[in-house]
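Please open the model in your viewer and keep the sequence panel beside it, since this tour moves from one selection to the next.

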Amino acid sequence: MQFVVMVFVVMITALIVSARRRSDDREEPDDYARVKAEVLRLRERVRTLERIVTDPDNRLSRDIGDL
């Protein structure tokens, strides 16, 4: 009977340790700062592209001609 209880305790302990490891993995990844910087850079590019696409043709043509 004691053997069964000991096996049960070991199994429960292993499950708890495994669950904690998985919850730690869900936190911030190591490359979070790099990914965040990339997202911010891409947002800025999208803003620029939206400005170009929504700009009236006359102004865009004039700006291209000025270059």
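Begin by selecting arginine 41 and glutamate 38 with their side chains displayed, where a salt bridge joins the two, with 2.7 Å from N to O. Bear in mind, here and at every later stop, that this is a predicted model. Both residues lie in helix α2, which covers residues 32–54, and because they are three residues apart there, about one helical turn separates them. Switching to a surface view, you can check that arginine 41 is partly exposed, at a relative accessible area of 40%, and that glutamate 38 is likewise partly exposed, at 33%.

Staying in helix α2, select next arginine 47 and glutamate 44, whose side chains also meet in a salt bridge, this time with an N to O distance of 3.1 Å. Here too the partners are three residues apart in the helix, so that about one helical turn lies between them. Arginine 47 has a relative accessibility of 48% and therefore counts as partly exposed, the limit for exposed being over 50%. Glutamate 44, at 41%, is partly exposed as well.

Now move to aspartate 31 and arginine 34, which form a salt bridge in which the closest N and O atoms are 2.9 Å apart. Which of these two partners is partly exposed, and which is exposed? Aspartate 31 is partly exposed, with a relative accessible area of 32%, whereas arginine 34, with 55%, is exposed. With this pair you have visited the salt bridges of the model, which come to three.

For the next stop, go to helix α1, which spans residues 2–25, and select phenylalanine 8 within this helix. Is the phenylalanine 8 side chain to be counted as buried or exposed? Phenylalanine 8 has a relative accessibility of 53%, and because exposed means over 50%, phenylalanine 8 counts as exposed. Extend the selection to Val5, Val9, Ile12, Leu15 and Ile16, which together with Phe8 make a nonpolar surface patch of about 550 Å².

Finally, clear the selection and look at the whole protein chain, which contains three helices and zero strands, with the elements running α-α-α from the N terminus on. If you color the chain by accessibility, expect few buried positions, as 1% of the 67 residues count as buried. The accessible surface of the chain comes to about 6800 Å², and carbon and sulfur atoms account for 60% of this surface.

Conventions: Residues numbered from 1 in each chain as written. Predicted model: local features only at pLDDT ≥ 70, side-chain atom pairs only at ≥ 80, totals over all residues. Heavy atoms only, no water. Helix = DSSP H or I, 4+ residues; strand = E, 2+ residues; numbered from the N terminus. Buried < 20%, exposed > 50% of the residue type's maximum accessible area, 1.4 Å probe, protein only. Areas by Shrake-Rupley, 256 points an atom, 1.4 Å probe, with all protein chains shown as cover. Patch = residues over 30% accessible without salt bridge, like charges linked within 9 Å, V, L, I, M, F, W, Y side chains within 5 Å. Salt bridge = Lys/Arg side-chain N within 4 Å of Asp/Glu carboxyl O.
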